[in-house]
Amino acid sequence: MKRRAFILSAAALAAFPAAAAKGQRGLIIHDQPRPVAAIDIRDAESRAAGLDTLKGKPVLLNLWASWCMPCVAELPALDRLKPALDAKGVVLVALSLDRSGKVAVANTFARLGIKNLDIRTDENRVAAEKLDAPALPVTLLIDREGREIARFIGAAEWDGPPAARLLDALAAGNPLTPDMAPPPVRMGAAP
Amino acid sequence: MRRFLLILLMCMAVVPAARAQDDTTVSGRFLLTDMHGRPVTDETYRGKIRLVTFGYTFCPDICPTILNTLSVALEQLGPDRAKVATLFISVDPERDTPAHLKEYLNAFPDITGLTGTPEQVAAAARNFKVRYERQKPDGDDPKVYAVDHTAALFIMDREGNFLARMPHMSAPDRVADRVRSYLAPRKAED
């Protein structure tokens, strides 16, 4: 009987893996820094702009796509944040996973009036898989040794005071703590 | 002895039943509307291997990368992609109109969006053993809601019969390999 219950519950789980749909959200601070897989990132002129060109600098790596509405909703905050991050010595990379590459990025940036973000595309369209991102947006916090120390799943208020504390810690190489999590952003209205 | 027989009977009954629930009862039949506004059924795609997934476009906080995975897998298939129909069935027919799906799927040129009446979508989901549930609106706007749904990728044969079910998080090359194995004659087994 136990076996039957087990098989039935296994079948029920397989039929509705709510965990996959709901998943984890918010700031996840890793126990140990993780290596970041090499990805062929290109700039607007199709030149190589991978993370290996940013050695020695902490990086905020945001994965987005034009078809992901919460990602697009988050871009203006990242755009406002960029000059302040530059001043802190943190490099902000907003990496588009769009199939059509820089065309989709340029169109989205123009539509949103993005001024500061640079065009960065995922040349081989492997970033989601290699960076273990089953959903977007996701933002990786990478230390100056090029290791992922935390990630934020979902859109966040990146230009508010809580995020500033998190990013100051990233810039200084100080430990991150859960109270530094920026508030999540949910879509205000269906566009 | 009687007890032994009873247990044996139970095992025989339970195992095939569980398997049946997982596999063979995915009939994959549907009557929906494609993103061009045309009525379609599973018969419409006769002759092609089908990759089928369910979802919706108004993801309020995070969006699965399954369509990205599928489009990368299709690229990896090269010319063989012409032998595959890739179908995205909306579980949010109220917001995912054909016109909206068409615009959204501009980002994924080889993927066809399907929607329908709430009843048609419910019937299609039932036939794929897919569950979905509209959540309560998050704030004041009744149009802002999430739809929890089964996250799976179905592979159906050229007649529309169930071949395999893969998780949403499958790597593109694994999806492409699996499709190739079904395209190659006499290599239908995993």
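Is Lys129(B) buried, partly exposed or exposed? The exercises below work through this and related points in a predicted model.

**Exercise 1. Classify Lys129(B) and describe its backbone.**

Step 1. Locate the residue. Lys129(B) sits in the loop that runs from α4 (118–127) to β7 (132–134) of chain B.

Step 2. Count its neighbours. Inside 10 Å there are 22 C-beta neighbours. The cut-off for a buried residue is 20 or more, and Lys129(B) therefore counts as buried.

Step 3. Check the backbone. Lys129(B) has a phi near 60°, which is a positive value in a residue other than glycine.

**Exercise 2. Do the same for Asp132(A), then find the cis peptide bond of the neighbouring loop in chain A.**

Step 1. Asp132(A) is placed in the loop between α5 and β6 of chain A. Its phi is near 55°, again positive in a residue other than glycine.

Step 2. Asp132(A) has 13 C-beta neighbours inside 10 Å and so counts as partly exposed.

Step 3. The cis peptide bond joins Leu136(A) and Pro137(A), with omega about -5°. Pro137(A) belongs to the loop between β6 (135–136) and β7 (138–142) of chain A.

**Exercise 3. Work out how β5 of chain B is placed among its neighbours.**

Step 1. Sort the side chains by direction. Val84(B), Thr86(B), Phe88(B) and Ser90(B) point one way from β5(B), while Ala85(B), Leu87(B) and Ile89(B) point the other way. This follows a general pattern: in a regular strand the side chains alternate between the two faces of the sheet.

Step 2. Check burial. Seven of the seven residues of β5(B) are buried, so the strand is largely enclosed by the rest of the structure.

Step 3. Identify the pairings. β5(B) pairs with β3(B) in the parallel sense over seven bridges, and Leu51(B) stands opposite Thr86(B). β5(B) also pairs with β6 (residues 111–115) of chain B, in the parallel sense over four bridges. In that pairing Leu87(B) stands opposite Thr112(B).

**Exercise 4. Describe the surroundings of Lys83(B).**

Step 1. Lys83(B) lies in the loop between α2 and β5 of chain B.

Step 2. With 14 other C-beta atoms within 10 Å, Lys83(B) is partly exposed.

Step 3. Neighbours within four places in sequence are set aside. The contacts of Lys83(B) are then Lys48(B), Ile49(B) and Leu183(B).

Step 4. For a distance across the chain, take Asp138(B). Lys83(B) and Asp138(B) are 55 residues apart in sequence, and their C-alpha atoms are 41 Å apart in space.

**Exercise 5. Describe the hairpin of β9 and β10 in chain B.**

Step 1. Strands β9 (residues 152–156) and β10 (residues 162–167) of chain B run antiparallel and are joined by five bridges.

Step 2. Met156(B) stands opposite Phe162(B).

Step 3. Five residues lie between the strands of this hairpin, and Gly160(B) takes a positive phi near 90°.

**Exercise 6. Explain how helix α5 of chain B is buried.**

Step 1. Check the length. Helix α5 (residues 172–183) of chain B has twelve residues and reaches 16 Å from its first C-alpha to its last, close to the 16 Å expected at 1.5 Å a residue.

Step 2. List the buried residues. They are Pro172(B), Val175(B), Ala176(B), Arg178(B), Val179(B) and Tyr182(B).

Step 3. Look down the axis. The buried residues fall within an arc of 160°, so they line one face of α5(B). An α-helix has 3.6 residues a turn, so residues three or four places apart point the same way.

Step 4. Find what this face packs against. In chain B the partners are β3 (49–55), α2 (66–77), β5 (84–90), β9 and β10, and in chain A there is α5 (127–130).

**Exercise 7. Summarise each chain, and say which part of chain A calls for caution.**

Step 1. Chain A has six helices and eight strands, and 40% of its 191 residues count as buried. Among its contacts with a separation of 6 or more, 73% come from residues 24 or more positions apart.

Step 2. Chain B has five helices and ten strands, and 42% of its 190 residues count as buried. The corresponding share of contacts in chain B is 66%.

Step 3. The pLDDT of chain A averages 87, with 85% of the residues at 70 or above. Over residues 1–21 of chain A the pLDDT is below 50, and this stretch has 22 contacts in the model beyond near neighbours in sequence. Where pLDDT is low, the predicted coordinates should not be read in detail.

Notes: Residues are numbered from 1 along each chain as its sequence is written. Chains are lettered from A and ligands numbered from 1 in the order in which they are written. This is a predicted model: local features need pLDDT of at least 70, side-chain atom pairs count only at pLDDT 80 or more; totals for chains, interfaces and linings use all residues. Two strands pair if DSSP finds at least two bridges between them. Helices (H or I, at least four residues) and strands (E, at least two) are DSSP runs, numbered from the N terminus. The expected span of a helix is 1.5 Å times one less than its number of residues. A residue is buried if 20 or more other C-beta atoms lie within 10 Å of its own, exposed if 12 or fewer, and partly exposed in between; C-beta atoms are placed from the backbone. The arc is that of the directions from the helix axis to the C-beta atoms. Two residues are in contact if their C-beta atoms, placed from the backbone, lie within 7 Å. pLDDT is the predictor's confidence in each residue, from 0 to 100.
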